[in-house]
Amino acid sequence: TDPNNTLNECAGGLQYAQTVFEGLKAYTTEDGHIVTFRPDLNAERMMASAERLEMPVFPKDRFIDAVNQVVTVNEAFVPPYGSGATLYIRPYMFGSTPVIGVKPADEYQFRILTTPVGPYFKEGFKPVQIQIVEDADRAAPLGTGTLKVGGNYAASLRSGQRAHDEGFSNVLYLDAKEKKYIDEAGAANFFGIKNNTYCTPKSSSILPSITNMSLRQLAEDMGLKVEQRQIPVEELSTFEEVAACGTAAVISPIGKIVDRGTGKVYDYGTEAGPICTKLYKQLKGIQEGEVEDVHNWNLIVE
Ligand code: PLP
């Protein structure tokens, strides 16, 4: 189908950012099935995003059915098992009819685009460097940070670009109100490991990552303690391992964090830590059908 879309120039999505989206992947498993990973949670998150922007809520069963249909007709583009590549799926919805005063649009389009994406770690599972910023927020505590809405990403572009220009792969945001606690790492959640404990921020302005939710369960399964709580910036120096997590990379180990404001450097070494590596292998293994899916997370498309 045609990827171009003719819209009225006053469309609510264009003028007032009435846009929500999701991101998930289809994987080919070792035994030759095509699966998606926990699409029910993407459906629920998109429902929450739409509700907050005064958009109609797209029903969960129709969301899952639409994702299945898109993957099925694009079967030829789902990369084979073992390639490390996947089919990225981007369901999205936006106000498509004209509005001139600030109000919700009358009509919306729900669409799904899909594209194969290569393996995330081309040079192996290597730690990245990220940058703490104090002079920009991506979302406010009572704003839309917990949702996948276009505006959050627009607000993050400038600090993200600057971090890249300064040699970092991502930004680590602090809480918008006090600048005391870790929020999240660009388009990924943050976690740290110490004393056999998986610690991840609790915050009213971060996206509830489906990967993070799954890793918390796997950490528990492995006998780690799990803590979801505020993490003060100074606590960074006490972690044995730190990482970012999300659909794109599953886990992206962090080797160094530099605080752009204070110049303070937190160093975690040049190799991924043992617990991050184990969690990564376990979750990837489930997605690719190499590890038993005891929690029933994979949905078989065909
Ligand atoms: N945080 C933000 C801001 C994101 O855009 C994403 C990407 O999806 C995540 C975290 C990770 O969430 P998930 O694990 O559901 O992909």
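So, to kick off: how far is an oxygen atom of the ligand from an N or O atom in the side chain of Tyr 153? In this predicted model, that separation comes out at 2.5 Å.

Let's stay with the ligand for a bit. There are 16 residues around the ligand, and Tyr 153 is among the nearest, together with Glu 184, Ser 209, Thr 211 and Thr 247. Glu 184 puts a polar side-chain atom 2.7 Å from a ligand nitrogen. With Ile 210, the contact is through the backbone: an N or O atom there sits 2.9 Å from a ligand oxygen. As for cover, the ligand on its own exposes 380 Å², and the protein buries 95% of that.

Okay, where does the ligand sit? Its space is the largest pocket. Two elements give two or more residues to the shell around the ligand, α5 (210-221) and β12 (241-246). By class, that shell has six nonpolar, six polar and four charged residues.

Now the pocket itself. The largest pocket holds about 1,000 Å³ of space. Its lining runs to 41 residues, and among those closest to the centre are Asn 170, Gly 186 and Ala 248. The largest share of that lining is from α4, with six residues. Split by class, the lining has 20 nonpolar, 15 polar and six charged residues.

Last bit: the second largest pocket, with about 280 Å³ of space. Thr 1, Asp 2 and Pro 3 are among its lining residues, and so are Tyr 92 and Arg 111. Here β5 gives the most, four residues, and α3 (60-73) supplies at least two.

That's my tour, over to you.

Technical notes:
Residues numbered from 1 in each chain as written. Predicted model: local features only at pLDDT ≥ 70, side-chain atom pairs only at ≥ 80, totals over all residues. Heavy atoms only, no water. Near = heavy atom within 4 Å. Polar contact = N/O pair within 3.5 Å; in protein donor to acceptor, adjacent residues only side chain to side chain. Areas by Shrake-Rupley, 256 points an atom, 1.4 Å probe, with all protein chains shown as cover. 1 Å grid on protein atoms, 1.4 Å probe; cavity = no way out; pocket = protein on both sides within 12 Å on 5 of 7 lines; lining within 4 Å. Sits in = over half its atoms within 2 Å of the grid points. Nonpolar A, V, L, I, M, F, W, Y, C, P; charged D, E, K, R; others polar. Points joined across faces, edges and corners; volume = space filled by probe spheres on them.
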